[in-house]
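I pulled this one up to poke at its core and its aromatic rings. My jottings are below.

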Amino acid sequence: DEIHQLLRQGRDTDVVVSGFNVDMRRQDIRTCAPCTWLNDEVINWFMNLLKERDNALVAEAVAKGKERRSNWFFNSFFISKLLDDNHGYKYANVKRWSRKAGDLFSYDKVFFPVNIGNSHWCLAVIHMQEKKIQYFDSLMGTGREYLLHLRRYLEDEHQDKKKAALDVSGWELVHSDRKVVPQQANGAD
């Protein structure tokens, strides 16, 4: 197969493709192989691909005279910065991260890749218009701490950017559910 051939030849540090201000190296692409752990570069690349697709879907809807809210995709470092290993929750670490997004509260959904112990990837999603924060984990972690911290993040972000308190008491926190999230059969896929 052509892709496997490309990945086998050359050095690990060779750039295979560039985009989104990121150089994907052969070693990054190899993390997509079965029984291999994904790295941050691949996750961030994928989040950028999702953002690109979302922009195209919004443009297509607008061209047809339809309304469609955009989504925002944070990179893999957001959660680790928000939940500083040494100090716990720290809004100051990510206070400026939404600058490019503009008004986060105007989006349909905001996506957050979550890396658990440098060995497992999960996803948290804030459904802004539905007032819901959802966690997806293929190993059935509840994500409770991430849900609570993201709810607190919303309060801090609203206070900082809109200079007003946000009542999040009615926001729904949705833990990972086997019926919704496909489950892993091993510790690597």
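These entries go from ground rules to core to rings.

**Setup.** I am working with a predicted model, where local features need pLDDT of at least 70, side-chain atom pairs count only at pLDDT 80 or more, and totals for chains, interfaces and linings use all residues. Residues are numbered from 1 along each chain as its sequence is written, and side-chain values use heavy atoms, with hydrogens and water left out.

**Core.** I looked up the largest nonpolar core (buried Ala, Val, Leu, Ile, Met, Phe, Trp, Tyr and Cys joined through side-chain atoms within 4.5 Å) and got 29 residues, with Leu104, Val110, Phe112, Ile126 and Tyr153 having the most contacts inside it. Helix H5 (144–162) is one of the elements giving two or more residues to this core, and H5 has the largest share, 5 residues. Another core of 7 residues lies apart from it, including Ile43 and Trp121. "Buried" here means under 20% relative accessible area, with a 1.4 Å probe and protein chains only; over 50% is exposed, and in between is partly exposed.

**Rings.** I counted 11 aromatic pairs, taking Phe, Tyr and Trp (six-membered ring) with centres within 6.5 Å; planes under 30 degrees apart are stacked, over 60 edge-to-face, the rest tilted. Tryptophan 72 and tyrosine 107 sit 5.8 Å apart at 50°, so I logged them as tilted. Tryptophan 72 is buried at 15%, and tyrosine 107 is buried at 9%. Phenylalanine 78 and phenylalanine 112 are also a tilted pair, 5.2 Å centre to centre and 50° between planes. This pair links helix H4 to strand E6, 34 residues apart.

Methods: Helices (H or I, at least four residues) and strands (E, at least two) are DSSP runs, numbered from the N terminus.
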